[in-house]
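Work through the following exercises on helix packing, sheet topology and charged pairs. Each task is followed by a stepwise solution.

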Amino acid sequence: LQWREWSGYWAASAYADHHDIEYNAIRSAAALIDVSPLYKYRISGPDATRFVDRVMIRDAAKLREGRVFYTCWCDEDGKVVDDGTVARLDETTYRWTAADPSFRWFSLNAGWLDVEIEDISGADAAVALQGPASRDVLERATGQPWGDLRYFGRRPSRIGDLEIDVSRTGYTGDLGYELWVEASGAVSLWDALMVAGEPHGLRPAGMLALDVVRLEAGLILLEVDY
C-alpha cells in the first residue's frame, strides 16, 4: 500500500521493501522514476519567445534551441507562483513543466500575443533515469552516445520505434536524464529501459527515495520548502 496521490494520479512511494534500497540505486547504480504526473504545456507560435520571456524571471533570449532552463514565475507583486523547467524544442516551440496547474495563469498573461498554449499533461508522459550508471543504460537503450550532452541540454532520440525527447535534467543531484514520450508509448518505454538497465542494476524508485535525494541536493519543493 505504498502509494500517494500526485496531481490526480497514484504515484508509488516505494517499490522495494524499504526506500533505502531505491535510494542506494540512485546513488550507486541507476533508478527509474515515473514523473508523468507533472503538469506539462507546449508553447508555440510567432510570439512564443516573447510570451516565455514575459512570464518567467529569466531571459528567454538566452534560452537556445536544445537547452533547458530551470526557473520560477511570479505574480504581479513578485511573489512566486510556481517553478519548473522550460525546454526550447525549436525556434518557436517550448515545453514547460510545472508542479501545479498553470494553464489559467499562462492564458491570462498571453494577452494579445500570437501564441498557442496547449496543456499536454495527459498527452505526454515522462520518466527520470537517474544515477551514475544512467548514461550506460541510456546508451544501451538508444544505441547512441550521450557523453556530449551537457547539463540542461536536450535532443530527440529513439528507442526502438518510440520517438523520445531526452533532457539531461532531474531532481536527484546525480547524473541523470528525463525522457519525454507520448503517453501511448510510456509503458513500452519503461519496459525497454528496465531491460537495458538490468546489467547495470537499474531499479524503479518511488517518491520516498526521491524526497531523500532531492533534499541532499538542496532542490526545493513547492508547498514544502516554500
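## Exercise 1: H1 against H6

H1 passes H6 in a right-handed crossing. The model is a predicted one.

Task: state how the axes of H1 and H6 are placed, classify the pair, and describe the contact.

Solution.
- Step 1. Two packed helices are described by the angle between their axes and the distance between the axes.
- Step 2. For helix H1 (residues 19-28) and helix H6 (residues 207-216), the angle is about 50° and the axes are 8 Å apart.
- Step 3. H1 and H6 are therefore oblique to each other.
- Step 4. On the H1 side the contact uses His19, Glu22, Tyr23, Ile26 and Arg27, which meet Leu208, Ala209, Val212, Val213 and Glu216 in H6.
- Step 5. Sorted by class, the residues of the H1 contact with H6 are six nonpolar, one polar and three charged.

## Exercise 2: H2 against H3

Task: repeat the analysis for H2 and H3, which pack together.

Solution.
- Step 1. The angle between H2 and H3 is about 115°, and their axes lie 10 Å apart.
- Step 2. H2 and H3 are therefore roughly perpendicular to each other.
- Step 3. H2 and H3 cross in the right-handed sense.
- Step 4. H2 supplies Phe51, Arg54 and Val55 to the contact, and H3 supplies Trp105, Phe106, Asn109 and Ala110.
- Step 5. The contact of H2 with H3 comprises five nonpolar residues, one polar and one charged.

## Exercise 3: the five-stranded sheet

Task: give the strand order of the open sheet of five strands, and explain which strands stand at the edges.

Solution.
- Step 1. The order is S5-S6-S7-S4-S8, and the pairing is antiparallel.
- Step 2. Strand S5 (68-74) and strand S8 (116-119) each have a single partner strand, so they stand at the edges with one side left without a neighbour in the sheet.
- Step 3. From one strand to the next, the twist averages 30°.
- Step 4. S5 and strand S6 (residues 80-90) run antiparallel and are joined by seven bridges. Within this pairing, threonine 71 has glycine 84 in S6 as its bridge partner.
- Step 5. Helix H2 (residues 48-55) packs on the sheet, where it touches strand S4 (39-44), S5, S6, strand S7 (93-98) and S8. The direction of H2 makes about 30° with that of S7.
- Step 6. Helix H3 (residues 103-110) lies across S4, S5, S6, S7 and S8, and runs at about 175° to S8.

## Exercise 4: two hairpins

Task: how many residues separate the strands in the hairpin of S5 with S6, and how many in that of S6 with S7?

Solution.
- Step 1. Five residues lie between S5 and S6 in their hairpin. In the turn, glycine 78 has a positive phi of about 80°.
- Step 2. The hairpin of S6 and S7 has two residues between its strands.
- Step 3. S6 and S7 are paired in the antiparallel sense over four bridges. Alanine 87 is found opposite arginine 95 in S7.

## Exercise 5: the six-stranded sheet

Task: give the order and pairing of the open sheet of six strands, and identify its edges.

Solution.
- Step 1. The strands follow the order S10-S11-S12-S9-S3-S13, with mixed pairing.
- Step 2. The edges are strand S10 (154-159) and strand S13 (202-204); each has a single partner strand, so one side of each lacks a neighbour in the sheet.
- Step 3. Direction ignored, neighbouring strands of this sheet are turned by 25° against each other on average.
- Step 4. Seven bridges pair strand S9 (residues 124-130) with strand S12 (residues 176-182) in the antiparallel sense. Alanine 125 has valine 181 in S12 as its bridge partner.
- Step 5. Helix H4 (residues 134-142) packs on the sheet and touches strand S3 (30-34), S9, S10, strand S11 (162-167), S12 and S13. Its direction makes about 35° with that of S12.

## Exercise 6: a salt bridge

Task: which residue forms a salt bridge with arginine 27, and where in the chain do the two residues lie?

Solution.
- Step 1. Side chains of opposite charge can pair when their charged atoms come close.
- Step 2. The structure holds twelve salt bridges. One of them joins arginine 27 to aspartate 174, with the closest N and O atoms 3.2 Å apart.
- Step 3. Arginine 27 is in helix H1 and aspartate 174 in the loop between S11 and S12, so placed that the pair links distant parts of the chain, 147 residues apart.

Methods: Residues are numbered from 1 along each chain as its sequence is written. This is a predicted model: local features need pLDDT of at least 70, side-chain atom pairs count only at pLDDT 80 or more; totals for chains, interfaces and linings use all residues. Side-chain values use heavy atoms; hydrogens and water are left out. Axes are lines fitted to C-alpha atoms, for helices over the stretch in contact, and angles run from 0 to 180 degrees between N-to-C directions. Angles under 35 degrees count as roughly parallel, over 145 as roughly antiparallel, 65 to 115 as roughly perpendicular and the rest as oblique. A crossing is left-handed if the near helix is turned anticlockwise from the far one by less than a right angle, and right-handed if clockwise. Contact means heavy atoms within 4.5 Å. Ala, Val, Leu, Ile, Met, Phe, Trp, Tyr, Cys and Pro count as nonpolar, Asp, Glu, Lys and Arg as charged, and the others, Gly among them, as polar. Two strands pair if DSSP finds at least two bridges between them. A salt bridge is a side-chain nitrogen of Lys or Arg within 4 Å of a carboxyl oxygen of Asp or Glu.
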